[in-house]
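Hi,

Here is the structure I said I would pass on. Have a look at it first, and then read my notes underneath.

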Amino acid sequence: MQLIWLRSDLRIDDNTALAAACQRGPTVALWIASPGQWQAHDDAPCKVDFWLRNLRLLQQSLAALNIPLLIRTSDTWADVPECVLGVCRQHRIEAVHWNDEYGINEARRDQATYEALQQAGISATGHLDQLLFRPGSVLTRTGQYFQVFSQFKRVCLEHLHRSLPPLVQSVQAQQSLGIHGDAIPLQIEGFEPPSDTLRQHWPAGEDEGRRRLQRFVDETIDDYAQLRDLPAKAGTSQLSPYLAAGVLSPRQCLHAALASNRGEFDSGSVGVQTWVNELLWREFYKHTLVGYPRVSRHRAFRPQTEALPWRDAPADLQAWKEGRTGFPLIDAAMRQLLHTGWMHNRLRMIVAMFLSKNLLIDWRQGERHFMRHLIDGDLAANNGGWQWSASTGTDAVPYFRIFNPVTQSQRFDPKGTFIRHWLPELEEKDDRSIHQPVKSTDLFATNYYLSPIVDLDSSRQRALEAFKGLSNWQDQRA
(Lines give C-alpha, C1' and ligand atoms only; values in the text may rest on other atoms or scores of the structure.)
Protein backbone atom coordinates (compact mmCIF):
# COMPACT_ATOMS: atom_id res chain seq x y z
CA MET A 1 0.00 0.00 0.00
CA GLN A 2 1.23 3.50 -0.94
CA LEU A 3 0.53 6.79 0.85
CA ILE A 4 0.40 10.19 -0.87
CA TRP A 5 0.88 12.92 1.75
CA LEU A 6 -0.81 16.00 0.31
CA ARG A 7 0.36 19.48 1.30
CA SER A 8 0.33 22.49 -1.05
CA ASP A 9 -0.55 20.28 -4.04
CA LEU A 10 -4.33 20.03 -3.86
CA ARG A 11 -5.03 18.57 -7.30
CA ILE A 12 -5.34 15.32 -9.23
CA ASP A 13 -3.89 16.35 -12.59
CA ASP A 14 -0.14 16.76 -13.05
CA ASN A 15 0.57 15.79 -9.44
CA THR A 16 3.99 14.14 -9.40
CA ALA A 17 3.80 12.41 -6.02
CA LEU A 18 0.23 11.21 -6.55
CA ALA A 19 1.08 9.75 -9.95
CA ALA A 20 4.20 8.05 -8.56
CA ALA A 21 2.27 6.51 -5.68
CA CYS A 22 -0.54 5.22 -7.92
CA GLN A 23 1.93 3.69 -10.38
CA ARG A 24 3.44 1.64 -7.57
CA GLY A 25 0.29 0.18 -6.08
CA PRO A 26 -2.97 0.80 -4.21
CA THR A 27 -2.88 4.30 -2.72
CA VAL A 28 -4.31 6.15 0.26
CA ALA A 29 -4.15 9.97 0.56
CA LEU A 30 -3.39 11.95 3.73
CA TRP A 31 -3.72 15.63 4.62
CA ILE A 32 -2.59 17.01 7.97
CA ALA A 33 -4.00 20.14 9.59
CA SER A 34 -1.38 22.04 11.62
CA PRO A 35 -3.12 25.12 13.04
CA GLY A 36 -0.38 26.02 15.50
CA GLN A 37 2.22 25.95 12.74
CA TRP A 38 0.02 28.00 10.44
CA GLN A 39 -0.39 30.65 13.11
CA ALA A 40 3.37 30.72 13.65
CA HIS A 41 3.74 31.25 9.89
CA ASP A 42 1.09 34.01 9.84
CA ASP A 43 -1.04 32.10 7.35
CA ALA A 44 -4.20 34.05 6.54
CA PRO A 45 -7.63 32.74 7.61
CA CYS A 46 -8.85 33.20 4.02
CA LYS A 47 -5.97 31.01 2.79
CA VAL A 48 -6.78 28.24 5.29
CA ASP A 49 -10.43 28.47 4.22
CA PHE A 50 -9.32 28.20 0.57
CA TRP A 51 -7.39 25.03 1.45
CA LEU A 52 -10.47 23.51 3.08
CA ARG A 53 -12.75 24.42 0.18
CA ASN A 54 -10.32 22.87 -2.28
CA LEU A 55 -9.91 19.78 -0.10
CA ARG A 56 -13.66 19.11 -0.19
CA LEU A 57 -13.66 19.08 -3.97
CA LEU A 58 -10.39 17.15 -4.11
CA GLN A 59 -11.85 14.50 -1.82
CA GLN A 60 -14.68 13.98 -4.30
CA SER A 61 -12.22 13.65 -7.19
CA LEU A 62 -10.10 11.19 -5.23
CA ALA A 63 -13.18 9.19 -4.27
CA ALA A 64 -14.01 8.81 -7.98
CA LEU A 65 -10.60 7.13 -8.29
CA ASN A 66 -11.28 4.99 -5.18
CA ILE A 67 -8.51 6.83 -3.30
CA PRO A 68 -9.67 7.57 0.27
CA LEU A 69 -8.54 10.89 1.80
CA LEU A 70 -7.62 10.70 5.48
CA ILE A 71 -7.50 13.84 7.65
CA ARG A 72 -5.29 14.14 10.70
CA THR A 73 -4.32 17.02 13.02
CA SER A 74 -0.83 17.74 14.29
CA ASP A 75 -0.78 21.16 15.91
CA THR A 76 2.82 21.85 14.94
CA TRP A 77 5.14 20.17 12.48
CA ALA A 78 7.23 18.77 15.32
CA ASP A 79 4.56 16.07 15.72
CA VAL A 80 4.09 15.36 12.01
CA PRO A 81 6.59 12.45 11.75
CA GLU A 82 4.76 10.50 14.44
CA CYS A 83 1.41 11.39 12.84
CA VAL A 84 2.47 10.07 9.43
CA LEU A 85 4.01 6.99 11.02
CA GLY A 86 0.75 6.30 12.84
CA VAL A 87 -1.21 6.34 9.58
CA CYS A 88 1.37 4.04 7.98
CA ARG A 89 1.08 1.50 10.78
CA GLN A 90 -2.72 1.67 10.80
CA HIS A 91 -2.99 0.96 7.07
CA ARG A 92 0.17 -1.11 6.55
CA ILE A 93 1.77 1.46 4.27
CA GLU A 94 4.96 0.34 2.52
CA ALA A 95 5.96 3.68 0.92
CA VAL A 96 5.13 7.36 1.42
CA HIS A 97 5.29 9.97 -1.34
CA TRP A 98 5.15 13.75 -1.10
CA ASN A 99 5.93 16.76 -3.25
CA ASP A 100 8.86 18.78 -1.94
CA GLU A 101 8.26 22.13 -0.25
CA TYR A 102 10.83 24.82 0.42
CA GLY A 103 11.80 26.78 3.51
CA ILE A 104 13.73 25.85 6.64
CA ASN A 105 10.77 24.59 8.66
CA GLU A 106 9.41 22.62 5.72
CA ALA A 107 12.80 21.00 5.08
CA ARG A 108 13.23 20.07 8.75
CA ARG A 109 9.72 18.59 8.90
CA ASP A 110 10.29 16.48 5.82
CA GLN A 111 13.74 15.33 6.89
CA ALA A 112 12.45 14.30 10.32
CA THR A 113 9.56 12.43 8.69
CA TYR A 114 11.90 10.72 6.24
CA GLU A 115 14.16 9.53 9.08
CA ALA A 116 11.24 8.28 11.18
CA LEU A 117 9.85 6.30 8.26
CA GLN A 118 13.26 4.88 7.33
CA GLN A 119 13.78 3.67 10.89
CA ALA A 120 10.41 1.93 10.70
CA GLY A 121 11.35 0.24 7.42
CA ILE A 122 9.00 2.37 5.34
CA SER A 123 10.18 3.92 2.09
CA ALA A 124 9.84 7.71 1.73
CA THR A 125 10.29 9.76 -1.45
CA GLY A 126 10.08 13.50 -2.07
CA HIS A 127 9.25 14.60 -5.62
CA LEU A 128 9.92 17.75 -7.65
CA ASP A 129 6.52 19.33 -8.31
CA GLN A 130 6.26 22.95 -7.15
CA LEU A 131 9.06 24.04 -9.46
CA LEU A 132 10.19 23.60 -13.04
CA PHE A 133 13.81 23.05 -11.93
CA ARG A 134 15.14 21.34 -8.85
CA PRO A 135 16.97 23.76 -6.52
CA GLY A 136 20.69 23.32 -7.07
CA SER A 137 20.28 22.62 -10.79
CA VAL A 138 20.35 26.30 -11.80
CA LEU A 139 23.64 27.72 -10.54
CA THR A 140 26.35 30.21 -11.46
CA ARG A 141 29.57 29.02 -13.09
CA THR A 142 31.14 28.91 -9.64
CA GLY A 143 28.38 26.65 -8.33
CA GLN A 144 26.51 29.28 -6.34
CA TYR A 145 22.82 30.13 -6.25
CA PHE A 146 22.02 33.20 -8.32
CA GLN A 147 21.48 36.55 -6.63
CA VAL A 148 20.20 38.44 -9.69
CA PHE A 149 17.04 37.42 -11.54
CA SER A 150 18.20 38.31 -15.07
CA GLN A 151 21.13 35.90 -14.81
CA PHE A 152 18.93 33.18 -13.28
CA LYS A 153 16.37 33.64 -16.06
CA ARG A 154 18.99 33.30 -18.79
CA VAL A 155 20.10 29.89 -17.49
CA CYS A 156 16.49 28.76 -17.02
CA LEU A 157 15.71 29.60 -20.64
CA GLU A 158 18.78 27.63 -21.74
CA HIS A 159 17.42 24.62 -19.80
CA LEU A 160 13.95 25.06 -21.35
CA HIS A 161 15.45 25.17 -24.84
CA ARG A 162 17.00 21.77 -24.22
CA SER A 163 13.87 20.19 -22.75
CA LEU A 164 10.52 21.20 -21.30
CA PRO A 165 9.38 19.67 -18.00
CA PRO A 166 6.67 17.22 -19.12
CA LEU A 167 3.21 17.00 -17.63
CA VAL A 168 2.72 13.97 -15.41
CA GLN A 169 0.70 10.99 -16.60
CA SER A 170 -2.95 10.99 -15.57
CA VAL A 171 -4.00 8.90 -12.57
CA GLN A 172 -6.33 5.97 -13.24
CA ALA A 173 -9.02 4.63 -10.93
CA GLN A 174 -7.97 1.79 -8.64
CA GLN A 175 -9.84 -1.04 -6.96
CA SER A 176 -11.81 -0.02 -3.90
CA LEU A 177 -9.76 -0.44 -0.73
CA GLY A 178 -12.71 -0.55 1.64
CA ILE A 179 -11.27 2.42 3.56
CA HIS A 180 -13.55 5.34 4.30
CA GLY A 181 -12.24 8.86 3.95
CA ASP A 182 -12.57 11.39 6.77
CA ALA A 183 -14.82 14.44 6.88
CA ILE A 184 -13.20 17.73 5.91
CA PRO A 185 -13.65 20.28 8.72
CA LEU A 186 -15.77 23.29 7.86
CA GLN A 187 -13.27 25.54 9.59
CA ILE A 188 -10.15 25.37 11.75
CA GLU A 189 -10.20 26.86 15.24
CA GLY A 190 -8.25 30.10 15.30
CA PHE A 191 -8.97 30.86 11.64
CA GLU A 192 -12.20 32.80 11.27
CA PRO A 193 -13.88 32.05 7.92
CA PRO A 194 -13.81 34.96 5.46
CA SER A 195 -16.83 36.73 4.05
CA ASP A 196 -18.93 35.20 1.30
CA THR A 197 -17.86 38.12 -0.88
CA LEU A 198 -14.20 37.14 -0.55
CA ARG A 199 -15.01 33.50 -1.23
CA GLN A 200 -16.88 34.47 -4.38
CA HIS A 201 -13.70 36.15 -5.66
CA TRP A 202 -11.90 32.80 -5.43
CA PRO A 203 -14.03 29.73 -6.25
CA ALA A 204 -12.28 26.50 -5.29
CA GLY A 205 -11.36 23.49 -7.36
CA GLU A 206 -9.16 22.23 -10.18
CA ASP A 207 -11.88 22.89 -12.73
CA GLU A 208 -11.96 26.55 -11.72
CA GLY A 209 -8.18 26.81 -11.81
CA ARG A 210 -7.99 25.28 -15.28
CA ARG A 211 -10.89 27.42 -16.50
CA ARG A 212 -9.16 30.60 -15.32
CA LEU A 213 -5.91 29.54 -16.89
CA GLN A 214 -7.52 28.78 -20.23
CA ARG A 215 -9.54 32.00 -20.23
CA PHE A 216 -6.43 34.02 -19.48
CA VAL A 217 -4.51 32.32 -22.28
CA ASP A 218 -7.38 32.69 -24.76
CA GLU A 219 -8.42 36.25 -23.96
CA THR A 220 -5.66 38.18 -22.18
CA ILE A 221 -2.15 36.77 -22.40
CA ASP A 222 -1.24 38.44 -25.70
CA ASP A 223 -1.95 41.85 -24.13
CA TYR A 224 -0.47 40.93 -20.75
CA ALA A 225 2.67 43.07 -21.17
CA GLN A 226 0.52 46.20 -21.62
CA LEU A 227 -2.29 45.40 -19.18
CA ARG A 228 -0.47 43.84 -16.23
CA ASP A 229 0.44 47.20 -14.62
CA LEU A 230 -3.10 48.63 -14.77
CA PRO A 231 -4.97 47.74 -11.57
CA ALA A 232 -8.35 48.82 -12.97
CA LYS A 233 -8.06 46.28 -15.81
CA ALA A 234 -8.45 42.50 -15.60
CA GLY A 235 -5.00 42.20 -17.13
CA THR A 236 -3.34 39.65 -14.87
CA SER A 237 -4.05 35.94 -14.62
CA GLN A 238 -5.12 36.04 -10.95
CA LEU A 239 -3.92 32.44 -10.71
CA SER A 240 -1.62 33.01 -7.74
CA PRO A 241 -4.01 31.52 -5.12
CA TYR A 242 -4.36 28.38 -7.24
CA LEU A 243 -0.58 28.08 -7.67
CA ALA A 244 0.06 28.72 -3.97
CA ALA A 245 -2.37 25.97 -2.93
CA GLY A 246 -1.15 23.67 -5.70
CA VAL A 247 -4.55 23.57 -7.39
CA LEU A 248 -2.57 24.36 -10.55
CA SER A 249 1.03 23.43 -11.27
CA PRO A 250 3.65 25.70 -12.87
CA ARG A 251 4.04 23.05 -15.58
CA GLN A 252 0.37 23.35 -16.50
CA CYS A 253 0.77 27.13 -16.72
CA LEU A 254 3.91 26.89 -18.84
CA HIS A 255 2.42 24.35 -21.26
CA ALA A 256 -0.80 26.38 -21.65
CA ALA A 257 1.19 29.52 -22.43
CA LEU A 258 3.41 27.74 -24.95
CA ALA A 259 0.44 26.12 -26.65
CA SER A 260 -0.88 29.61 -27.42
CA ASN A 261 2.49 30.73 -28.82
CA ARG A 262 3.48 27.89 -31.17
CA GLY A 263 5.67 26.36 -28.51
CA GLU A 264 7.86 29.45 -28.09
CA PHE A 265 8.68 31.06 -24.75
CA ASP A 266 11.28 33.66 -25.76
CA SER A 267 9.88 34.77 -29.13
CA GLY A 268 6.49 35.36 -30.71
CA SER A 269 3.87 36.87 -28.40
CA VAL A 270 5.40 39.50 -26.12
CA GLY A 271 2.60 38.83 -23.65
CA VAL A 272 3.51 35.14 -23.42
CA GLN A 273 7.18 35.97 -22.96
CA THR A 274 6.33 38.44 -20.20
CA TRP A 275 4.10 35.96 -18.39
CA VAL A 276 6.69 33.17 -18.61
CA ASN A 277 9.05 35.73 -17.07
CA GLU A 278 6.67 35.99 -14.10
CA LEU A 279 6.60 32.20 -13.72
CA LEU A 280 10.40 32.30 -13.58
CA TRP A 281 10.32 35.05 -10.90
CA ARG A 282 8.24 32.66 -8.81
CA GLU A 283 10.85 29.98 -9.48
CA PHE A 284 13.71 32.36 -8.59
CA TYR A 285 12.34 33.24 -5.17
CA LYS A 286 11.90 29.57 -4.21
CA HIS A 287 15.47 28.81 -5.29
CA THR A 288 16.55 31.80 -3.17
CA LEU A 289 14.84 30.23 -0.13
CA VAL A 290 16.99 27.14 -0.56
CA GLY A 291 20.24 28.85 -1.51
CA TYR A 292 20.03 31.59 1.12
CA PRO A 293 18.13 30.04 4.06
CA ARG A 294 18.51 33.14 6.23
CA VAL A 295 15.53 34.65 4.37
CA SER A 296 13.40 31.90 5.97
CA ARG A 297 14.59 33.17 9.35
CA HIS A 298 13.20 36.69 8.93
CA ARG A 299 16.66 37.94 7.99
CA ALA A 300 17.62 40.29 5.19
CA PHE A 301 19.04 38.80 2.00
CA ARG A 302 21.67 41.56 2.14
CA PRO A 303 23.01 41.18 5.70
CA GLN A 304 24.37 44.71 5.89
CA THR A 305 20.85 46.12 5.62
CA GLU A 306 20.07 44.65 9.05
CA ALA A 307 21.75 47.83 10.35
CA LEU A 308 19.13 50.14 8.76
CA PRO A 309 17.64 52.55 11.34
CA TRP A 310 14.02 51.47 10.97
CA ARG A 311 11.47 53.74 12.64
CA ASP A 312 9.27 52.56 15.47
CA ALA A 313 6.09 54.27 14.32
CA PRO A 314 3.03 52.23 15.33
CA ALA A 315 0.53 54.93 14.37
CA ASP A 316 1.96 55.20 10.86
CA LEU A 317 2.05 51.41 10.54
CA GLN A 318 -1.58 51.13 11.59
CA ALA A 319 -2.63 53.87 9.18
CA TRP A 320 -0.89 51.96 6.39
CA LYS A 321 -2.55 48.68 7.36
CA GLU A 322 -6.01 50.23 7.41
CA GLY A 323 -5.62 52.33 4.25
CA ARG A 324 -5.54 55.68 6.05
CA THR A 325 -2.31 57.17 4.71
CA GLY A 326 -3.86 60.06 2.81
CA PHE A 327 -2.44 58.76 -0.49
CA PRO A 328 -5.42 57.49 -2.52
CA LEU A 329 -3.67 54.74 -4.50
CA ILE A 330 -2.00 53.35 -1.35
CA ASP A 331 -5.27 53.36 0.56
CA ALA A 332 -7.25 51.82 -2.30
CA ALA A 333 -4.69 49.03 -2.60
CA MET A 334 -4.81 48.27 1.12
CA ARG A 335 -8.59 48.12 1.00
CA GLN A 336 -8.40 45.70 -1.92
CA LEU A 337 -6.19 43.44 0.20
CA LEU A 338 -8.52 43.54 3.21
CA HIS A 339 -11.65 42.86 1.17
CA THR A 340 -10.42 40.30 -1.38
CA GLY A 341 -7.34 38.67 0.18
CA TRP A 342 -5.36 39.72 -2.88
CA MET A 343 -3.57 42.75 -4.26
CA HIS A 344 -2.53 43.68 -7.78
CA ASN A 345 1.21 43.05 -8.24
CA ARG A 346 2.12 46.61 -9.26
CA LEU A 347 0.34 47.86 -6.16
CA ARG A 348 2.19 45.37 -3.94
CA MET A 349 5.44 47.03 -4.99
CA ILE A 350 4.07 50.55 -4.52
CA VAL A 351 2.67 49.99 -1.01
CA ALA A 352 5.77 48.02 0.03
CA MET A 353 8.11 50.81 -1.02
CA PHE A 354 5.90 53.38 0.68
CA LEU A 355 6.10 51.49 3.99
CA SER A 356 9.77 50.55 3.87
CA LYS A 357 11.11 53.78 2.37
CA ASN A 358 8.74 56.71 2.78
CA LEU A 359 7.73 55.56 6.26
CA LEU A 360 11.07 53.80 6.90
CA ILE A 361 9.27 51.00 8.73
CA ASP A 362 10.88 47.56 8.79
CA TRP A 363 9.82 45.53 5.74
CA ARG A 364 9.16 42.54 8.04
CA GLN A 365 6.15 44.38 9.48
CA GLY A 366 4.67 44.63 6.00
CA GLU A 367 5.62 41.08 5.06
CA ARG A 368 3.78 39.79 8.14
CA HIS A 369 0.68 41.90 7.47
CA PHE A 370 0.51 40.63 3.91
CA MET A 371 0.84 36.99 4.99
CA ARG A 372 -1.96 37.47 7.51
CA HIS A 373 -4.34 38.61 4.77
CA LEU A 374 -3.23 37.11 1.45
CA ILE A 375 -5.13 34.16 0.04
CA ASP A 376 -2.07 33.55 -2.16
CA GLY A 377 0.39 34.01 0.71
CA ASP A 378 3.61 32.20 -0.16
CA LEU A 379 6.79 32.56 1.90
CA ALA A 380 9.16 32.71 -1.07
CA ALA A 381 7.15 35.12 -3.23
CA ASN A 382 6.03 37.34 -0.37
CA ASN A 383 9.45 37.57 1.23
CA GLY A 384 11.15 38.01 -2.13
CA GLY A 385 8.79 40.78 -3.17
CA TRP A 386 9.07 42.64 0.10
CA GLN A 387 12.85 42.46 0.20
CA TRP A 388 13.07 43.52 -3.46
CA SER A 389 10.91 46.55 -2.72
CA ALA A 390 12.80 47.42 0.47
CA SER A 391 16.20 47.11 -1.27
CA THR A 392 17.28 44.51 1.27
CA GLY A 393 16.87 41.70 -1.27
CA THR A 394 17.78 40.60 -4.78
CA ASP A 395 17.00 43.83 -6.66
CA ALA A 396 19.93 44.56 -8.97
CA VAL A 397 19.09 48.28 -8.92
CA PRO A 398 20.48 50.05 -5.83
CA TYR A 399 18.45 51.46 -2.98
CA PHE A 400 17.49 54.70 -4.73
CA ARG A 401 14.58 52.93 -6.48
CA ILE A 402 11.67 54.58 -4.65
CA PHE A 403 8.27 54.69 -6.34
CA ASN A 404 6.29 57.91 -5.92
CA PRO A 405 2.70 56.81 -5.17
CA VAL A 406 1.22 59.93 -6.77
CA THR A 407 3.06 59.61 -10.08
CA GLN A 408 2.48 55.84 -10.08
CA SER A 409 -1.22 56.54 -9.61
CA GLN A 410 -1.27 59.05 -12.46
CA ARG A 411 0.57 56.65 -14.73
CA PHE A 412 -1.19 53.35 -14.03
CA ASP A 413 -4.68 54.49 -12.95
CA PRO A 414 -4.91 57.70 -15.01
CA LYS A 415 -8.69 58.11 -14.75
CA GLY A 416 -8.79 57.07 -11.10
CA THR A 417 -11.04 54.09 -11.90
CA PHE A 418 -9.35 51.77 -9.41
CA ILE A 419 -9.27 54.48 -6.73
CA ARG A 420 -12.96 55.27 -7.15
CA HIS A 421 -13.88 51.60 -6.86
CA TRP A 422 -12.20 51.18 -3.48
CA LEU A 423 -12.57 54.74 -2.19
CA PRO A 424 -16.13 55.70 -3.18
CA GLU A 425 -15.85 58.80 -0.98
CA LEU A 426 -13.53 60.20 -3.66
CA GLU A 427 -15.74 59.39 -6.64
CA GLU A 428 -16.70 63.04 -7.14
CA LYS A 429 -13.06 64.08 -7.57
CA ASP A 430 -11.95 64.92 -11.10
CA ASP A 431 -9.42 62.73 -12.90
CA ARG A 432 -6.54 65.04 -12.03
CA SER A 433 -7.13 65.80 -8.36
CA ILE A 434 -8.12 62.26 -7.38
CA HIS A 435 -4.45 61.23 -7.30
CA GLN A 436 -3.29 64.08 -5.09
CA PRO A 437 -3.28 64.08 -1.30
CA VAL A 438 -4.28 67.48 0.05
CA LYS A 439 -3.00 68.88 3.32
CA SER A 440 -5.82 70.00 5.56
CA THR A 441 -6.10 73.52 6.89
CA ASP A 442 -9.05 72.52 9.04
CA LEU A 443 -7.92 71.33 12.46
CA PHE A 444 -11.27 69.59 12.95
CA ALA A 445 -11.41 67.82 9.59
CA THR A 446 -12.36 64.14 9.84
CA ASN A 447 -11.70 63.15 6.22
CA TYR A 448 -8.25 61.58 6.47
CA TYR A 449 -7.62 62.05 2.75
CA LEU A 450 -7.01 65.69 3.56
CA SER A 451 -4.04 64.76 5.73
CA PRO A 452 -1.24 62.68 4.20
CA ILE A 453 0.77 61.09 6.98
CA VAL A 454 4.16 61.85 5.42
CA ASP A 455 5.82 64.29 3.03
CA LEU A 456 7.05 62.37 -0.01
CA ASP A 457 10.11 64.51 -0.76
CA SER A 458 11.53 64.72 2.75
CA SER A 459 10.74 61.06 3.51
CA ARG A 460 12.45 59.99 0.30
CA GLN A 461 15.54 61.93 1.31
CA ARG A 462 15.41 60.33 4.76
CA ALA A 463 15.39 56.86 3.19
CA LEU A 464 18.29 57.68 0.88
CA GLU A 465 20.36 58.95 3.78
CA ALA A 466 19.55 55.82 5.82
CA PHE A 467 20.85 53.57 3.04
CA LYS A 468 23.86 55.75 2.35
CA GLY A 469 24.78 55.35 6.00
CA LEU A 470 25.39 51.64 5.47
CA SER A 471 29.09 51.10 4.85
CA ASN A 472 30.10 49.42 1.58
CA TRP A 473 26.46 48.92 0.57
CA GLN A 474 27.32 47.90 -2.96
CA ASP A 475 30.18 45.55 -2.12
CA GLN A 476 28.69 43.49 0.69
CA ARG A 477 26.49 41.20 -1.32
CA ALA A 478 25.69 37.98 0.47
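Below is what turned up when I went through it, roughly from the N-terminal part to the pocket and then the loops.

Before anything else: this is a predicted model, so please read everything here in that light.

**The N-terminal part**

UniProt lists residues 1-132 as "domain: Photolyase/cryptochrome alpha/beta", and the entry is an unreviewed one. In the model, that stretch is 48% helix and 20% strand. Its end C-alpha atoms are 29 Å apart.

Two strands in there are worth a click. β4 (residues 95-99) and β5 (residues 123-127) run parallel, with five bridges joining them. Across that pairing, asparagine 99 stands opposite histidine 127 in β5. To get from β4 to β5 the chain passes through helix α5 (residues 104-119), and the resulting β-α-β crossover is right-handed.

Leucine 6 is a handy landmark at the start of the chain, sitting in strand β1 (residues 2-6). Is leucine 6 buried or exposed? It is buried, because its relative accessible area is 3% and anything under 20% counts as buried. If you want a distance to check in your viewer, try leucine 6 to proline 203: the two are 197 residues apart along the chain, and their C-alpha atoms are separated by 20 Å.

**Salt bridges**

The structure holds 33 salt bridges in total, and I picked out a few of them. Glutamate 101 pairs with arginine 109, with the closest N and O atoms 2.7 Å apart. Both glutamate 101 and arginine 109 are buried. Arginine 109 also meets aspartate 110 in a salt bridge, at 2.8 Å from N to O. Why does arginine 109 count as buried? Its relative accessibility is 5%, under the 20% cut-off. Aspartate 110 is buried too, since its relative accessible area is 8%.

For contrast, have a look at helix α7 (residues 196-201). Arginine 199 and aspartate 196 both lie in that helix, three residues apart, which is about one turn. Their side chains meet in a salt bridge at 4.0 Å, N to O. Aspartate 196 counts as exposed because its relative accessibility is 52%, and the line for exposed is over 50%. Arginine 199, with a relative accessible area of 25%, is partly exposed.

Going back to the buried group, the bridges there link up: Arg7, Glu101, Arg109 and Asp110 are joined into one network by salt bridges that share partners.

**The largest pocket**

How much space lies in the largest pocket? About 1200 Å³. There are 40 residues lining it, and the closest to its centre are Glu278, Trp281, Tyr285, Asn345 and Ala381. The elements that give two or more residues to the lining are α10 (240-244), α12 (270-291), α15 (345-358) and α17 (379-390). Of these, α12 gives the most, with nine residues. I would start with α12 on screen and then bring in the others.

**Some loop residues**

Two residues have a positive phi without being glycine. One is arginine 262, with a phi of about 55°. Arginine 262 lies in the loop between α11 (250-259) and α12, and counts as exposed because its relative accessibility is 82%. The other is histidine 298, where phi is near 60°. That residue is found in the loop between α12 and α13 (314-322). Histidine 298 counts as partly exposed, since its relative accessibility is 44%, in between the 20% and 50% cut-offs.

Further along, arginine 432 is found in the loop between α19 (417-422) and α20 (456-468). With a relative accessible area of 72%, arginine 432 is exposed. Measuring from there to threonine 340 gives another distance to check: the pair is 92 residues apart in sequence and 27 Å apart in space, C-alpha to C-alpha.

That's the lot from me. Shout if anything looks odd on your side.

Cheers

Conventions
Residues are numbered from 1 along each chain as its sequence is written. This is a predicted model: local features need pLDDT of at least 70, side-chain atom pairs count only at pLDDT 80 or more; totals for chains, interfaces and linings use all residues. Side-chain values use heavy atoms; hydrogens and water are left out. UniProt positions are given in the numbering used here, feature names are shortened, and annotations may be inferred rather than shown by experiment. Helices (H or I, at least four residues) and strands (E, at least two) are DSSP runs, numbered from the N terminus. Buried means under 20% relative accessible area, exposed over 50%, partly exposed in between (1.4 Å probe, protein chains only). Two strands pair if DSSP finds at least two bridges between them. A crossover is right-handed if, with the strands pointing away from the viewer, the path from the first strand over the helix to the second runs clockwise. On a 1 Å grid over the protein atoms alone, a cavity is a set of points where a 1.4 Å probe fits but cannot get out, and a pocket is an open set with protein on both sides within 12 Å along at least five of seven lines; lining residues have an atom within 4 Å of a point. Grid points are joined across faces, edges and corners, and a volume is the space filled by probe spheres set on the points.
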